[in-house]
Amino acid sequence: MPEAAPPPRYRPSVAIRASVALHVGAAAAVLLRPQVWPWALGAVVADQLLLTGAGLWPRSSLLGPNWTRLPEAFAPRACAAITIDDGPDPEVTPRVLDLLDAHGARATFFCIGERVLQHPGLAREITRRGHAVENHSQRHLLSFSLLGPSAMAAEISRAQQAITATTGEAACFFRAPAGLRNPFLEAVLERAQLRLASWTRRGFDTRNGNADDVLGRLTKNLASGDILLLHDGHAARTAAGAPVILMVLPRLLTALAAAGLKCVTLRAALPPPAQGAPGTAPAL
């Protein structure tokens, strides 16, 4: 199995470095001229609001590197990535796998660690069929973005251990629950040798059971390099009671084929390792 280069070593983003400098400057200003404290406090509050907003915007790169598309070097290959979150689900995932097989497509499954442990055979079946299982945290906590670095690291490492022990392959990517995060995440991911991935567009298929609407969102301005998001776990239901992903996926795969786009895993777009580089991670 080919190897891929590990994530770049952690270096705080410009926004985080600027935030640290602002806090130090505000503290120094108050010590030297106490009367400026209202201005210093206002600057700190504005900075915290900016960082909070960046964490609540899943596609933001202000807090660190974030795959919202396949890398530019990979885009000319006429490929797109379908990513499927919140499984594995014993009712939905096997049918999703059959649909992918029928179209000769490969997908990336961002799995919840607890569900991997509950359905180990299904997690192994995902990889056996040529897809990738990636890290979506251990419990998919709605409060994930409020966690401190230790608790966040525990959620990620427990899921990583579950995936590796079950499938025999370590995850290379992480997606935060609901895409929400905070400034602690990037350093935690660097230590775990994981890359953050979000998406180019999503269909909101956990709450929208209208297959036409979901498909329309996913295929609008469809282009090479797109990362598309669907859900096999927590899937919304159509009016007939079917998981909406099962109604959308065949049509999405047909649209991708009509656009001349091949479906690949995120791992397929990872850069190769530098010669002699240690600590590489597996790639499909």
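Leaving aside its neighbours within four places in sequence, which residues is glutamine 138 in contact with?

## Glutamine 138

This is a predicted model, and glutamine 138 is a good place to start looking around it. The residue sits in the loop that runs between strand E4 (132–135) and H6. Once neighbours within four places in sequence are set aside, its contacts are Ile112, Gly113, Glu114, Leu117, Glu155, Arg158, Ala159 and Ala162.

Loop or not, glutamine 138 is buried, at a relative accessible area of 3%. The cut-off for calling a residue buried is under 20%.

## Strand E3 and its partners

Now for strand E3, residues 107–111. Five of its five residues are buried, so the strand is largely enclosed by the rest of the structure. In a regular strand the side chains alternate between the two faces of the sheet. Here both faces are covered: Ala107, Phe109 and Cys111 are buried on one side, and Thr108 and Phe110 are buried on the other.

E3 pairs with strand E2 (residues 79–87) in the parallel sense, over five bridges. To get from E2 to E3 the chain passes through helix H3 (residues 93–102), giving a right-handed β-α-β crossover. E3 also pairs with E4, again in the parallel sense, over four bridges.

Threonine 108 is a handy residue to follow across these pairings. It is the bridge partner of threonine 83, and its own bridge partner in E4 is alanine 132.

## Helix H7

Next up is helix H7, residues 185–192. Six of its eight residues are buried, so the helix is largely enclosed by the rest of the structure. The buried ones are Leu185, Glu186, Ala187, Val188, Leu189 and Glu190.

What does the covering of these residues include? Helix H6 (149–167) contributes, as do strand E5 (173–174) and strand E6 (195–196). Just past the end of H7, glutamine 193 takes a positive phi of about 55 degrees.

## Glycine 168

Is glycine 168 buried or exposed? Its relative accessibility is 60%, so glycine 168 counts as exposed; the cut-off for that label is over 50%. Its place is in the loop between H6 and E5, two of the elements that help cover the buried residues of H7.

Glycine 168 also has a sequence-distant residue to check in the viewer, threonine 127. The two are 41 residues apart in sequence, with a C-alpha to C-alpha separation of 9.3 Å in space.

How values were computed. Residues are numbered from 1 along each chain as its sequence is written. This is a predicted model: local features need pLDDT of at least 70, side-chain atom pairs count only at pLDDT 80 or more; totals for chains, interfaces and linings use all residues. Side-chain values use heavy atoms; hydrogens and water are left out. Buried means under 20% relative accessible area, exposed over 50%, partly exposed in between (1.4 Å probe, protein chains only). Contact means heavy atoms within 4.5 Å. Two strands pair if DSSP finds at least two bridges between them. A crossover is right-handed if, with the strands pointing away from the viewer, the path from the first strand over the helix to the second runs clockwise.
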